[in-house]
Amino acid sequence: MPHSLVHNKSAQTSTWTSPLPYAWLISLRGTTILSMSSIDRHLKIIDAALLSAKIVKDASEASEVLIPLKVTAGIMITILETIRGVKTNKEDWATLGEHLATQIKGMQDNLSRCSIPHSTALLLAVNSYEQKLYNVLTKVRLVSSRGQVEGVFRYRIDKEEIIELNRDVRIYWSDFIREISVQTHETVHRVEKDVNKIKHGVNRVEISVDSIGNDNQINKLAPLLSATGEDHDICLHGTRTVVLKLIREWANDPNAPQLWWLTDVAGAGKSTIAKQMSTEWEREGRLGGCFFFDKTRPETTTRQWFCDTLAAQLANNQPQLRSSIAHGIEEIGPVLAVCLFEKKLQKLVVRPMKDVALVLVIDALDECDERDRALILRNLLCSLSQAPRLKILITSRPERDIAELLGSFQSRTESLHDIELGSNRSDIAAFVKYKMRRLIRSSELTNEEVQQLANRVNCLFILASTACKVVQDSIDPHSTLRELLDPKRNSLADINRLYSTILRKVCKIGQTEQARPSKTQETLIQILKVILVAAVPLTTSVIDALLGIKNTRRAVDFLSSVLSLRSDGTILILHPTFREFLENETEAGEFYINIADAHELVAKGCLQTMSRELCFNICRLESSYVLNKDITDFKERVSKYISKELQYGCIYWPTHVANSNGTSCSGELGTDVVRFTENEYPLYWMEVTSALRKVSKAIGDLQDIGNCSLVSFFSIQQNHLDIC
């Protein structure tokens, strides 16, 4: 090799832009002569670039972030494989390969750091680079496919084109980096905005997290919806103005006594006033909660659900107190359901209200069990000093035990009769006229007749309301009203006389001579017995099944003035005075109902229903090794295969047996119970109680039966109970 063609480093630096050193090529007879070490070095550069491109392509197939590089890497691999096989200008091709390898690695790094790899702008940048790279591939194929031409001339032409390709690749790369920079800047700007939003939302998130935790705790409460006064009406507009004004003034006066006891006889309208005020205070955001005791709903007549119901309403009505209530639930822990009443009232109701001005409404306290109402009242009175801004409105009949408890405490006691004595008559007249407005408009009744009715109801709202229902529901309102107003019948002397009139009319007593009660009267009394002692409100179809009859719905329709058929099909007594009438032998006469006899009747109906419907694997499960909670359609199976009457019978038959007269093993009911236990029914019964999640209740109720001397039955079943 001539000395003048030896590689000169300074010449290379000034002549070539590539960072790699190139050997001078001498074309002799069309063949380029290079040392083996130079050829190996060039191949290593190309091979390294190929390996890098293949790695990126493989990574792009495995990573969602690098998906846009898949096509780009493929084009680069094709270019590199093409130039690897070229025989001439190897150093120049190696430089191009090194540029491509550097760029594909740079794209991988840039995309890996990009927070939004599939944004439209970024995809457009990658696609643009791919298109330009494809143009490079076309040129590479063109240059590399030319035949070898002897002499330096072809070498120089190829060299110039390769230099141009290198320049194009660098320009394309610069364009791509610029577009990426713009995208990165926009991404950073978006991230900054998101960070600011996050900062502003941190407090909200923390509050939401706390709220979720509070909700989880509050959901552990077991409030009683039927004790919230949902079925009570508010006062007719323009009535009860005096007493409502006084109650509002008392609630707004910080110096007034914390407790107001509104008292009067049954049916005077106390519950309506309680509902009116609780509705007003709820609308104003001042209601803590309310609890309506009701003898017609046995579940409301004890202290069992009192704290949970008030606490749940307090959490709903006053969201700012939810965390305090949730904290109290957490403090009580897993014994929430059996926690001492005093402790639960203190932690869930009194303590959360210690610094707020709220009102509690407790209606018909006299209809709560006497021992429980004493406990409730004593604890409320002792707690008032801890919540000095709390006001409590209590309504009840003037029971002696309530009066004695309140006598030692500074409270306001008012008789509704005394307050409204002057306006009661006009309020009753307005109420009766409002109820009869349809009949007056249709000319079935005159204003004078309606006024006579208002004058005869002795200023008692329940008497007026019931009389209006009797007239409205009758086929001949005019004749019915005349009968009620007949002084000889004296039907409106008091509410009991009116109840007697209603029942006698349904049974047609007095219209025909009869030596003994008619079949209609016997059926009606049976239906009333079930309604009176039912542990929960029952539907007409369930009562039919328990009694083996088919006319409960018809009887309820005839008694719509004293019974209420609700939208869910269950039946309720409209007012506790009707229940009291039926339980009073002197007042009810031939309609008197002995409560123990009523329990025995229902207990027999439950036992007969169970004997008729219980069977092995009642829910038709495929396997007994799977837990109920793990069966996806278990609730649907229970609803489909266990009738409502069987559900009621399995849950409550021990309750009715324990409260009946037939609790001796020698009695008729005792015989029925023992007969029930002498076959396979007890196991089937336990299967149903398990399906209904009532096993613990069943065990407790069986113990009550044992206390009533049916010990033999309980001992027979003890082994079965232990299994559950």
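Helices (H or I, at least four residues) and strands (E, at least two) are DSSP runs, numbered from the N terminus. The model is predicted, so local features need pLDDT of at least 70 and side-chain atom pairs count only at pLDDT 80 or more, while totals for chains, interfaces and linings use all residues. Residues are numbered from 1 along each chain as its sequence is written, and side-chain values use heavy atoms, with hydrogens and water left out.

**Exercise 1.** State which helix holds Leu481, and whether Leu481 is buried or exposed.

Solution.
- Step 1. Leu481 belongs to helix α19, residues 477-485.
- Step 2. Buried means under 20% relative accessible area, exposed over 50%, and partly exposed in between (1.4 Å probe, protein chains only). Leu481 has a relative accessible area of 2%, so this residue is buried.
- Step 3. Contact means heavy atoms within 4.5 Å. With neighbours within four places in sequence left aside, Leu481 is in contact with Leu445, Glu449, Leu453 and Val471.
- Step 4. Leu445 is 36 residues away from Leu481 along the chain, and their C-alpha atoms are separated by 8.8 Å.

**Exercise 2.** Describe how α18 and α19 pack.

Solution.
- Step 1. Axes are lines fitted to C-alpha atoms, for helices over the stretch in contact, and angles run from 0 to 180 degrees between N-to-C directions. Helix α18 (residues 461-473) meets α19 at an angle of about 145 degrees, and the axes are 7 Å apart.
- Step 2. From α18, the contact uses Ala467, Val470 and Val471; from α19 come Pro477, Thr480, Leu481 and Leu484.
- Step 3. Ala, Val, Leu, Ile, Met, Phe, Trp, Tyr, Cys and Pro count as nonpolar, Asp, Glu, Lys and Arg as charged, and the others, Gly among them, as polar. The contact of α18 with α19 has six nonpolar residues, one polar and no charged.

**Exercise 3.** Work out the surroundings of strand β5.

Solution.
- Step 1. β5 spans residues 359-363, and five of its five residues are buried. Val359, Val361 and Asp363 point one way, Leu360 and Ile362 the other way.
- Step 2. Two strands pair if DSSP finds at least two bridges between them. β5 pairs in the parallel sense with β4 (residues 287-292) over five bridges, and Phe291 stands opposite Ile362.
- Step 3. β5 also pairs in the parallel sense with β6 (residues 391-396), over four bridges; here Val359 stands opposite Lys391.
- Step 4. A crossover is right-handed if, with the strands pointing away from the viewer, the path from the first strand over the helix to the second runs clockwise. β5, helix α12 (residues 370-383) and β6 make a right-handed β-α-β unit.

**Exercise 4.** Explain why helix α11 is largely enclosed.

Solution.
- Step 1. α11 covers residues 341-350; seven of its ten residues are buried, so the rest of the structure largely encloses this helix.
- Step 2. The buried residues are Phe341, Lys344, Leu345, Lys347, Leu348, Val349 and Val350.
- Step 3. Their cover includes α9 (306-317), α10 (322-332), β5 and α12.

**Exercise 5.** Set out the phi angles and accessibility of Ala364 and Ser443.

Solution.
- Step 1. Most residues other than glycine have a negative phi.
- Step 2. Ala364, in the loop between β5 and α12, has a positive phi of about 55 degrees. Its relative accessibility is 4%, so Ala364 counts as buried.
- Step 3. Ser443, in the loop between α16 (437-441) and α17 (447-456), has a positive phi of about 65 degrees. Ser443 is exposed, with a relative accessible area of 61%.
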